[in-house]
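Dear colleague,

I am handing over the structure below, together with some notes on what turned up when I went through it. Please have it open beside you while you read.

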Amino acid sequence: MPDPTTDAPTTGPDGREVPGEDTDWSLEDQSKSMIRLEGVSKTYPGTTVPAVEELTLDVPEGDVLVLVGPSGCGKSTTLRLINRMIEPTGGRIIFDGRDVTKVDPDELRRHIGYVIQQIGLFPHRTIADNVAVVPRMLGWDKNRTTKRVDELLDMVGLDPSQYRDRYPKELSGGQAQRVGVARALGADPPVLLMDEPFGAIDPITRDRLQNEFLRVQDELQKTIVFVTHDIDEAIKMGDRIAILRQRSVIAQYDTPQRILALPIDDFVQDFIGSGAALKGLNFERVSDLTLGDFPTVRYDAGHRRSSEVLAASGQPWLLVLDDQERPIRWVNQDAMDRSDKPLTEVGQAVRVTVEPNATLHDTLEAMLSSSVGAAIVTDPQGRYQGVVLIEVLTDAIARMRAEAKAHYEEMGLATHQAPVIDPDPLAASDGAR
Ligand SMILES: Nc1ncnc2c1ncn2[C@@H]1O[C@H](COP(=O)(O)OP(=O)(O)OP(=O)(O)O)[C@@H](O)[C@H]1O
């Protein structure tokens with residue numbers, strides 16, 4: 001329904017709907033939704049502007065959904081509404097098919113782990129006691145609890161024999177954060193709510209914690225709602241991302257791939273910042289591409305034979321392979337004309353290769369470090385498979401964008417009209433160096 005109080009127009013120049021407060025971002029298949037917020041609002045006492053207004057949002061089972069948006073847009077409020085730390089002033093929240101207002105809050109919180117930036121470990125209790133809070137609350141016996149605590153510490157990368165009996169002040173920030181995650185996983189809840197869990201940690205430890213967390217999640221497949229204000233963290237951690245405006249209005253809700261391929265409007269594009277297309281290359285792999293080919297010769301082929309192969313191919317370069325078919329040198333006619341040395345000593349050494357599971361982002365890196373402007377692909381044994389050329393990467397970016405555009409057209413939404421892709425990823429990347 002058009003809303004006269006909304007500042008955004010509801011239709012674009014082509015008559016299609018522009019995403020706004022009324023856009024329905026619900027999952028097509030709602031049976032996949034573990035948590036569903038339906039028209040949820042929250043106005044804090046003593047305030048007139050709602051912190052969350054009429055939010056409808058699905059959290060798919062087993063996925064990490066990241067809520068990301070500018071400061072004060074309502075991310076934390078939205079998270080706390082889910083486990084009833086605060087009560088909504090309107091709408092419904094469905095958890096695993098049940099209206100949460102009908103579930104006892106204590107029972108609800110046993111099913112929903114909660115991790116916050118300030119960790120909130122009890123300073124005078126040992127790490128083991130801190131992790132054991134929920135199992136104890138559930139009345140587990142001592143043996144079962146001890147076993148679970150050790151298992152959890154192990155899972156988050158802390159050796160139980162070393163850390164079990166320490167106190168929080170004897171831990172680094174990153175270790176304390178791991179204990180916070182272990183504690184939230186205490187009773188093996190199906191759902192985790194995480195509010196900027198890695199926010200106050202240095203970038204290197206943060207990266208490591210994110211990776212460890214993704215590894216654990218790969219195994220556990222929890223349903224997770226993760227709040228951050230950092231779009232790069234959102235892209236890395238999320239199976240899906242909801243980009244929020246003020247009052248928790250969804251600007252775009254989708255996979256990171258699709259959001260990067262096609263930021264739906266200026267707000268999203270500004271929020272993502274420059275280099276969206278480059279970041280999108282992290283989600284495609286070499287194995288998704290059709291490889292190009294360069295002529296090859298064995299290292300002992302000799303100059304005359306190599307010149308013939310090169311001339312017949314019409315390519316500027318050929319690849320010299322060793323006796324195991326591993327690429328070792330790039331050679332062109334000029335290099336052979338200038339020196340009689342064996343093929344293994346003319347031209348340029350192959351320094352970087354990629355394997356089929358490499359991301360296109362890594363492939364672009366490899367391409368930029370090769371003077372030939374192509375990335376060589378090898379199998380895990382290092383044998384030559386083919387090459388990736390820059391045009392293939394720009395085609396891949398265009399394809400991702402076209403797929404996203406088709407998806408939004410199917411939803412009946414107009415998308416951003418301005419060019420949203422860096423026209424030349426090489427230029428963009430050079431600029432970033
Ligand atoms: N207890 C409260 N009483 C009144 N207003 C509140 C309360 N908590 C939050 N707000 C207001 O609600 C809005 C949303 O706050 P919230 O903390 O949910 O945002 P956020 O997106 O998590 O912000 P940040 O990224 O800065 O943590 C803000 O305008 C905030 O000032």
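To begin with the interior of this predicted model, the largest nonpolar core has 107 residues, and those with the most contacts inside it are Val 66, Leu 193, Val 225, Phe 226, Ala 242, Ile 243 and Leu 244. Helix 16, which spans residues 390-410, supplies the largest share of this core, namely six residues. As background, nonpolar side chains in soluble globular proteins tend to be buried together.

If you would like one residue of that core to look at, Leu 244 touches, beyond the residues up to four places away in sequence, Leu 67, Val 68, Gly 69, Cys 73, Gly 74, Lys 75, Val 249, Ile 250 and Ala 251.

Lys 75 also belongs to the buried residues of helix 1, which are Lys 75, Thr 77, Thr 78, Leu 79, Leu 81 and Ile 82. Because six of the eight residues of helix 1 (residues 75-82) are buried, this helix is largely enclosed by the rest of the structure. Just after helix 1, Arg 84 takes a positive phi of about 60°.

Another place to visit is Leu 281, which sits in the loop between helix 12 (276-280) and strand 11 (296-298). Leu 281 counts as buried because it has 23 C-beta neighbours inside 10 Å. Leaving aside neighbours within four places in sequence, Leu 281 is in contact with Thr 359, Leu 360, His 361 and Leu 364. Leu 281 and Thr 394, although 113 residues apart in sequence, are 10.0 Å apart in space, taken from C-alpha to C-alpha.

With best wishes

How values were computed: Residues numbered from 1 in each chain as written. Predicted model: local features only at pLDDT ≥ 70, side-chain atom pairs only at ≥ 80, totals over all residues. Buried ≥ 20, exposed ≤ 12 C-beta atoms within 10 Å, placed from the backbone. Helix = DSSP H or I, 4+ residues; strand = E, 2+ residues; numbered from the N terminus. Core = buried A, V, L, I, M, F, W, Y, C linked by C-beta atoms within 7 Å. Contact = placed C-beta atoms within 7 Å.
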